Amino acid sequence: SSCAYDNFDEPTSVITGKVVYQGTTLSVRSNALSLQLWQGGYGLYTNVAVAVNQNGTFTAVMFDGSYRLINASGTTQPWVYRIDTVNFDLKGTASVDYEVTPYYMINTETFAKSGTNMTANCKIAKIATTATLTNATLYVSRTSLCDEYFNEAKQQLLAAVLTDLNTVNFTVPKPHPLLVQGFCLSRFGFKAT
């Protein structure tokens, strides 16, 4: 049992969104990023963290109202820090794109099996002039979680060997479990300062 003040219905309105750059949804490392939702007008003024999925999408179930969506303060994001706010109203459903400027973009990526190896290539485009590329990595995994923490094999290329960002090539030997499984998932990542 509870007192009358505790008897509120749970929220049912849904916010869906994407982190985008010029209409392209940006992929990110799994379990690494979150945005913050703020809603004014109530006694307890605090944020709700909204996790960004590795495919660059996010979802939150909230109450109807007016919200602000911002960068999570005190965190490192793979884009130029955005200080402005996305304001929107929620009534039932709302779709929100969070526009950012990434440091780099991975374009024209291809993946192929070559014997017992995974080969891949891509083009890395510098977007933010203040960024410096540290490394680029190809990750190979047996699950859809595929990044620096979840992988069975990887090849990392340091910036010193990345002389032509228009043609970045990788070759990763697939470990035995992936050969037995018969398929794998691959993903590019990069680190910038």
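Trainee: How many bridges join β6 to β7, and how do these strands run?

Mentor: In this predicted model, β6 covers residues 65-71 and β7 covers residues 86-90. One place to look is Leu 69, which stands opposite Val 86 in β7. The strands β6 and β7 run antiparallel, and the number of bridges that join them is five.

Trainee: Which residues of β7 make up its covered face, and which its uncovered one?

Mentor: Val 86, the residue of β7 that Leu 69 stands opposite, belongs to the covered face together with Phe 88 and Leu 90. The uncovered face of β7 is made by Asn 87 and Asp 89.

Trainee: Is Arg 82, in the loop between β6 and β7, buried or exposed?

Mentor: Arg 82 touches Asn 71, Tyr 98 and Glu 99, when residues up to four places away in sequence are not counted. The side chain of Arg 82 also makes a polar contact with the side chain of Asp 84, at 2.7 Å. Since buried means under 20% relative accessible area, and Arg 82 has a relative accessible area of 15%, this residue is therefore buried.

Trainee: What does Phe 150 count as, given its relative accessibility?

Mentor: Phe 150 is found in the loop between β11 (133-141) and β12 (153-158), and with Leu 145 and Tyr 149 it forms a nonpolar patch on the surface, with about 300 Å² of accessible area together. Buried ends at 20% and exposed begins over 50%, with partly exposed in between. The relative accessibility of Phe 150 is 35%, so this residue counts as partly exposed.

Key
Residues are numbered from 1 along each chain as its sequence is written. This is a predicted model: local features need pLDDT of at least 70, side-chain atom pairs count only at pLDDT 80 or more; totals for chains, interfaces and linings use all residues. Side-chain values use heavy atoms; hydrogens and water are left out. Helices (H or I, at least four residues) and strands (E, at least two) are DSSP runs, numbered from the N terminus. Buried means under 20% relative accessible area, exposed over 50%, partly exposed in between (1.4 Å probe, protein chains only). A polar contact is a pair of N or O atoms within 3.5 Å; within protein, one must be able to donate a hydrogen and the other to accept it, and residues adjacent in sequence count only if both atoms are side-chain atoms. Contact means heavy atoms within 4.5 Å. Patches are made of residues with over 30% relative accessible area and no salt bridge: like charges are joined within 9 Å, nonpolar side chains (Val, Leu, Ile, Met, Phe, Trp, Tyr) within 5 Å. Accessible areas come from the Shrake-Rupley method with a 1.4 Å probe; for residues, only the protein chains shown count as cover. A salt bridge is a side-chain nitrogen of Lys or Arg within 4 Å of a carboxyl oxygen of Asp or Glu. Two strands pair if DSSP finds at least two bridges between them.
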